[in-house]
Amino acid sequence: MMLVNALFSFLMFRCAIDILSPGDKGTAVVALYVFLALGLTALKIATSGTSRGDMVICAIVLSLLIVNLLWIPADATPQFYFSITVFLPIIFLLILSCCEPLTFVRLRKRTLILGTPVVCGLLLIFFSRMGGLQADLLTVLNEQPFHVVAQTVAKFSLLMINQWIGFPIVALILLTVLNIRSALLGFLLAFSIKKFSSFNLRTFLAMLVVSAVATAYLLSNPELTDAFLQRILYRDRDFFELDASNLTSGRDEIWRYYGQVLENSSPMELLFGHGAIWLYGAFPLAAHNDLLSLMVCYGFAGTTATLYAWYVILSRLDPEYRTACAALFLVLLFTNGVVFHQSNLLFLLFMAGQTQRMPRGILDDAAMRQRGLPVHG
């Protein structure tokens, strides 16, 4: 129970700093967050150990990140900070996923009952702040896309899918207001998969009625329909031509640039990467695609190790949530970025845990059997 309370408090702390301070969080806050995450990880290892496979995965990823720091021709400090955003969620989720299944059941229950009003309160503060900056809140949100807030809402709201139908609908409305299309699309796909996998007549009728009412309302007002499509598809950009580049928010040009970087890379750069080139190069924009980002930053070796670590993490999700979580993860992976978002720690809510207690000691091998997909590593 003490571990559940500690994990719940830590997750609420992370939600609070992501929602209330979605930009620069300050050195002290980041240091506190890293200290707490590593402290909980160390506590889990000290009390019940972990598997040799998990330690090997963490060691390989860390080694490749260190090689990357020594290899790239750039200031090591910002690159080291950036690498922490990759490594910390991996080690935290790998090690904590070995907790007893009851830990996650209690954590989800605690989060639903106590965490939901906390997150709602945080979002109210966030929207009141943004609305106070200018008269038009939607304009403010379009001009300042808050990706970390939208990802936090999407991942937290996965807990709501099995609850009253109004809760996920509210989540969809919030994501529409934030207008982070990657998070909106990912949650909509996760919501559809989860609902249709547990299909029943009541759910179908509720979704049908809500969809019919929303569609009829939009069609009854052509101006509202045009405004809705303009905002969702083109983010209210006032260009002479609303072309594909505007539709993708310039991602096609960004992806083309990073593709050219890979084409012009030497064999060693393809293997070990260039580091986060948007932090020291002439092109200041991140790739907005994790596969491209990982290949450019850490090369084939680092990309393979990182993606394998995330495969292991996703394989340990509770079967009830695994497909929906994986769908959200993959949409964000290719359309925006998920590996580098610290809101990934919310995936701890959906862990399945192992069926038997792990033997003490970090070098003990244990066969980790759980429902659904086998755990690798």
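**Group meeting: a pocket, a patch and some cysteines**

Okay, let's start with the largest pocket: helix α4 gives the largest share of its lining, six residues. Before I go on, keep in mind that this is a predicted model.

So how big is that pocket? The volume of the largest pocket comes to about 1,000 Å³. There are 33 residues lining the largest pocket, and P22, T85, V148, F340 and H341 are the ones closest to its centre. If you want to find the walls on screen, look for α1 (2–20), α2 (27–48), α4 (76–96), α7 (147–157) and α15 (290–315), since each of those helices supplies at least two lining residues.

Now let's move to the surface. Here we have a nonpolar patch of about 440 Å², made by V67, W71, M268, L271 and F300. Two helices each put at least two residues into the nonpolar patch, namely α3 (52–71) and α14 (267–272). Take W71 as an example: W71 sits in helix α3, and W71 counts as partly exposed because its relative accessibility is 35%.

Last topic, the cysteines. How many disulfides does the count come to? Zero, by the rule used here. As a reminder, a disulfide is a covalent bond between the sulfur atoms of two cysteines. Look at C99: the closest cysteine sulfur, in C98, is 7.6 Å from the sulfur of C99, so that's too far for a bond. The cut-off for a pair is within 2.5 Å.

And is C99 buried or exposed? C99 counts as buried, because its relative accessibility is 3%. C120, on the other hand, is partly exposed, with a relative accessible area of 41%.

That's it from me, thanks!

Key. Residues numbered from 1 in each chain as written. Predicted model: local features only at pLDDT ≥ 70, side-chain atom pairs only at ≥ 80, totals over all residues. Heavy atoms only, no water. Patch = residues over 30% accessible without salt bridge, like charges linked within 9 Å, V, L, I, M, F, W, Y side chains within 5 Å. Areas by Shrake-Rupley, 256 points an atom, 1.4 Å probe, with all protein chains shown as cover. Salt bridge = Lys/Arg side-chain N within 4 Å of Asp/Glu carboxyl O. Helix = DSSP H or I, 4+ residues; strand = E, 2+ residues; numbered from the N terminus. Buried < 20%, exposed > 50% of the residue type's maximum accessible area, 1.4 Å probe, protein only. 1 Å grid on protein atoms, 1.4 Å probe; cavity = no way out; pocket = protein on both sides within 12 Å on 5 of 7 lines; lining within 4 Å. Points joined across faces, edges and corners; volume = space filled by probe spheres on them.
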